[in-house]
Amino acid sequence: MALNRRTFMGATAGAAAATLAAPHVYAASHGGKPKVVVVGGGAGGATVARYLAKDAGDALDITLVEPTRVYYTCFFSNLYLGGFRTMESLAHDYGNIASAGVNVVHDYAVGVDRDAKTVTLASGDTLMYDRLVLSPGIDFIDGAVPGWDVSQQNKMPHAYKAGSQTELLKAQIEAMPEGGTFAMIAPPNPYRCPPGPYERISMVAHMLTQMNPTAKILVADPKEKFSKQGLFEEGWNTHYSGMIERIGPDFGGNNVSVDPDAMTIDIDGAVENVDVCNVIPAMKAGVICERAGLNDGNWAPVDGATMQSRIDENVHVLGDACAQGDMPKSGFSANSQAKVAAMAVRAALTDSRMFPAKFSNTCWSLIAPDDGVKVGASYEATEEKIASTDSFISQTGEDAALRKATYEESIGWYAGITSDIFG
Amino acid sequence: MKRLSLFCAATAILIATGAQANEFGDAEDGAKIYRKCRACHMVGSEAFNRTGPQLNGIFGRAAASVDGFRYSDGLTRMGNDGLVWDFDTLDAYIENPKAFASDTRMNFPGVKDAGERADLLAFLRQYSDKPRDIPEAAPTATPREVDLSDEILAIVGDPEYGEYLASECTTCHQLDGDNDGIPAIVGWPEEDFVVAMHAYKEKFRPHPVMQMMAGRLSNEEIAALAAYFGGLE
Ligand SMILES: Cc1cc2nc3c(=O)[nH]c(=O)nc-3n(C[C@H](O)[C@H](O)[C@H](O)COP(=O)(O)OP(=O)(O)OC[C@H]3O[C@@H](n4cnc5c(N)ncnc54)[C@H](O)[C@@H]3O)c2cc1C
């Protein structure tokens, strides 16, 4: 598509004026095709880059910045622990995104100059943008679990970014002594994947039931309640009776410290020796959001209609890093938000149409072999937030056939979403 | 022959009374329409599974539940999700089987005429246990059929809008038509797509995710999606 700038601008003005303010700064700032830089090649960022290339590849110059060459999905990484997936089956590369026309740069963004509209990379290179999309996922809050910081992650893994951390956690569980203790320090809200820690407990319990049936699972949890609680507790009683002990805030689950060298945890003054300790600390938006000055507290607030930052309309923030309202921080949500962002970026920089934002999410969890459950909702953007419009959840007491069908559906979802994200 | 004897053991009661008109249609006329089904299905005292499952006791039975018959994944899933055959569900199914269960192995275009379907169902109902007293008789009093007006069917979808809306579907449904656990939805006739989505919207089809997704789509949005997906190979 060879567009003459003048007709292009003319065509853009009408459509864009109706939706977004100041849409054509790009022409003044850089010249050439409008530039979009996407930081983070995960569920949100890879989807945005691929959709922009697919729908507007000729009209836009799209760069994706992602340090790793292979992305391991956190989703289904608990199933790897349980022995239902291989690590290779969770691996995705950027080959199809690059062939779709995205300039994939394997580097790490260290800074954003929002006035100059540039992103600085660890290599020292600078990228100019007309629109910047940040989908950097999460980082951990320093000091959230006293005694633990990221330098201790090999002794006490978080396994909340998938890959070598997940493999390490699995190896440690396999090496547990007979009758040993697996501990989890569960995170406070809000955090990535609300049912994630509890699906993980289910999968670890499944693993231990097979190889170390007298082992114990001890969970210190700062939260009163958690996602799909009734379903998980029902499943734990049925499949792993007596193995799992969860200490909620009433009993000091919110007052925890760890000693990675001694391999002890202190729950409200009671010190326990543990064999494996999975520390999932409190979370915040990936640090680049903070560096770009886009956070309000720990997260970057956005306007759901376009996923634009409330602080800078030239920046869109998606996925786990943004504060948007009612959607849980999930891969499904990030993928859903990415499509709204792609549409908004495209409408702002080309003459394409803008439609009302629609979002949805479904999170499947596996409790035991063929015992799958799900929770989901649909959402729309209101003035102040992304608001839930409808929802559903699996019921306790469902029959085995339905649970199996739900699990099978999750396998279909994994195939669907990963091909939607990575092509 | 093994199948036949198995079947006989399983089917305790067969009611083969004479044809008798009921409120749903005329069973005698239905017997004639049933000839279309005979190429694949059997019903009556000697019936066993052939290309299609035997149809004794179909009223009140969970979908895809005849022992020894291999159903499509889609129909099996619907059975698991709680779909039970009654007048309304059967009526919708035989009107357009592929719109009801996209991957059904029943290669039959359907009976378009509502009166003929009522006759056919009156005929089949004679082969179900105590047809008047089956627990599922109640829903037949409150029609759940997706009754789509000509205006809805006539809406011309905007495929560009459909493409945007479709991005919500492709989180689960694969555009290349692959089907592992979640059915493919590309290349359907537009009308079938529209009927299927309205069936979810009206909560007539059982799947909770799809009921939610379809529930908030307007008639125009359903038409837009049908236009977009229908245009894909
Ligand atoms: C155990 C577990 C189970 C889960 N299960 C599910 C599930 O079943 N379903 C579901 O929907 N979700 C699930 N999730 C949640 C899901 O993984 C996340 O919500 C999702 O990955 C968020 O997408 P994102 O794009 O925000 O971040 P990510 O997918 O984490 O992507 C962020 C990317 O940005 C890169 N990055 C970060 N900073 C920079 C920088 N400065 N410069 C360049 N690149 C950068 C990172 O390398 C990373 O690749 C699970 C999570 C966990 C931990």
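Okay, one definition before anything else: when I say salt bridge, I mean a side-chain nitrogen of Lys or Arg within 4 Å of a carboxyl oxygen of Asp or Glu. Keep that in your heads, and keep in mind too that what you're looking at is a predicted model.

Let's start with chain B. It's split into domain 1, residues 2–133, and domain 2, residues 150–230. So how many salt bridges do we get between domain 1 of chain B and domain 2 of chain B? Zero, by that rule. Polar contacts between these two domains of chain B also come out at zero residue pairs, counting pairs with both residues at pLDDT 80 or more.

Who's on the domain 1 side, then? In chain B, helix H3 (73–80), helix H4 (87–95) and helix H5 (97–100) each bring at least two residues to the side of domain 1 that touches domain 2. H4(B) has the largest share of that side, with three residues. Sort that side of domain 1 of chain B by class and you get six nonpolar, three polar and three charged residues.

The two domains of chain B do touch, mind you: twelve residues of domain 1 are in contact with twelve of domain 2. Together they bury about 1,000 Å², and 58% of that is on carbon and sulfur atoms.

Now over to chain A. Here domain 1 comes in two pieces, 5–139 + 284–357, and domain 2 runs 150–281. Take the C-alpha centres of domain 1 and domain 2 of chain A, and they're 33 Å apart. In terms of contact, we have 19 residues of domain 1 of chain A against 20 residues of domain 2 of chain A. The buried area between these domains of chain A is about 1,800 Å², with carbon and sulfur atoms giving 64% of it.

And the salt bridges? Across this interface in chain A, the rule finds two. Here's a salt bridge you can look up on the structure: A:Asp320 with A:Arg192, where the closest N and O atoms are 2.5 Å apart. There are polar contacts across the chain A domain interface as well, nine residue pairs, both residues at pLDDT 80 or more.

On the side of domain 1 of chain A that touches domain 2, helix H4 (77–82) and strand E10 (138–140) each supply at least two residues. H4(A) gives the largest share there, six residues. By class, that side of domain 1 of chain A has ten nonpolar, six polar and three charged residues.

That's my tour, thanks.

How values were computed
Residues numbered from 1 in each chain as written. Chains lettered and ligands numbered in written order. Predicted model: local features only at pLDDT ≥ 70, side-chain atom pairs only at ≥ 80, totals over all residues. Heavy atoms only, no water. Domains from an automatic or database assignment. Contact = heavy atoms within 4.5 Å. Buried area = accessible area lost by both parts, 1.4 Å probe. Polar contact = N/O pair within 3.5 Å; in protein donor to acceptor, adjacent residues only side chain to side chain. Helix = DSSP H or I, 4+ residues; strand = E, 2+ residues; numbered from the N terminus. Nonpolar A, V, L, I, M, F, W, Y, C, P; charged D, E, K, R; others polar.
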